[in-house]
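Here is a brief report on one protein chain. It covers overall dimensions, fold pattern, burial and one pocket.

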Amino acid sequence: MHSEQEIEFKNLLTKAEFERFITYFELKPSDFHKQTNYYYDTADQYFKEKKMGFRLRVLSNRNELTLKIPVQDHVMEEKTKLLSNAEREAIIHHLHFPTVPFLEPFADKGPLICIGSMQTNRAKIEMDNGILFLDHSLYSQTEDFEVEYESKDVENGQKFFLHLMKKHSIPIRYTDKKIARLVTYINSLKG
């Protein structure tokens, strides 16, 4: 199991802005890698109410079960356990989760349900003081584009991110986390 603090800044992009970044960073289609996130919560939305996120991320070479717990603005405590393909399949098809220490405090909150999944094509760009991600996400009948910057500290990360947005004439847009965007979309279908 791995635990770390994640400091991130994100902004939704239009398709044109996303394509400008691809050109600027000279990215090729082979620079993008597919990942699928499955999001889980209790029936009464315990994790959502606590502003936490719980997901299974499936990549071509590994499976990650991750719990994100808010620490402060732009900072999340991220606890991740790598899973075998058999464990991944047991979760996806039977909602059978392996014993994971970071889930034990929530065992009495009720059974977990899958609230949805999202496929993301992601490019990762290593920077001096962090990592920039360009994400094209697909869920249900919609898609979105996002730039995300993971930094080593809040102050410098925010400074860099705001400068990047200004340099590329991209307005700052309030951007929910992927799980929140997915839930908002699902709720919009219910009417």
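With 191 residues, what radius of gyration would a compact globule have, and what does the chain have? The model is predicted. The rule for a compact globule puts the radius near 16 Å, and the chain has 17 Å, so the two agree. Along the principal axes, the C-alpha atoms fill a box of roughly 50 × 35 × 35 Å.

**Fold**

The chain holds five helices and eight strands. Their order along the sequence is β-α-β-α-β-β-β-α-β-β-β-α-α. The pattern opens with a strand and ends with two helices. Take the contacts with a separation of 6 or more: 59% of them join residues 24 or more positions apart.

**Burial and surface**

Of the 191 residues, 47% are buried, meaning under 20% relative accessible area. The accessible surface of the chain is about 10700 Å². Carbon and sulfur atoms supply 51% of that surface.

**The second largest pocket**

This pocket encloses about 210 Å³ of space. Its lining counts 15 residues, and those closest to the centre are Phe97, Leu103, Phe106, Ala107 and Leu112. What classes make up the lining of the second largest pocket? The table gives the split.

| Class in the lining | Count |
|---|---|
| Nonpolar | ten residues |
| Polar | three residues |
| Charged | two residues |

The five residues closest to the centre, Phe97, Leu103, Phe106, Ala107 and Leu112, are of types that count as nonpolar.

Methods. Residues numbered from 1 in each chain as written. Predicted model: local features only at pLDDT ≥ 70, side-chain atom pairs only at ≥ 80, totals over all residues. Heavy atoms only, no water. 1 Å grid on protein atoms, 1.4 Å probe; cavity = no way out; pocket = protein on both sides within 12 Å on 5 of 7 lines; lining within 4 Å. Points joined across faces, edges and corners; volume = space filled by probe spheres on them. Helix = DSSP H or I, 4+ residues; strand = E, 2+ residues; numbered from the N terminus. Rg over C-alpha atoms; globule rule 2.2 N^0.38 Å. Buried < 20%, exposed > 50% of the residue type's maximum accessible area, 1.4 Å probe, protein only. Contact = heavy atoms within 4.5 Å. Areas by Shrake-Rupley, 256 points an atom, 1.4 Å probe, with all protein chains shown as cover.
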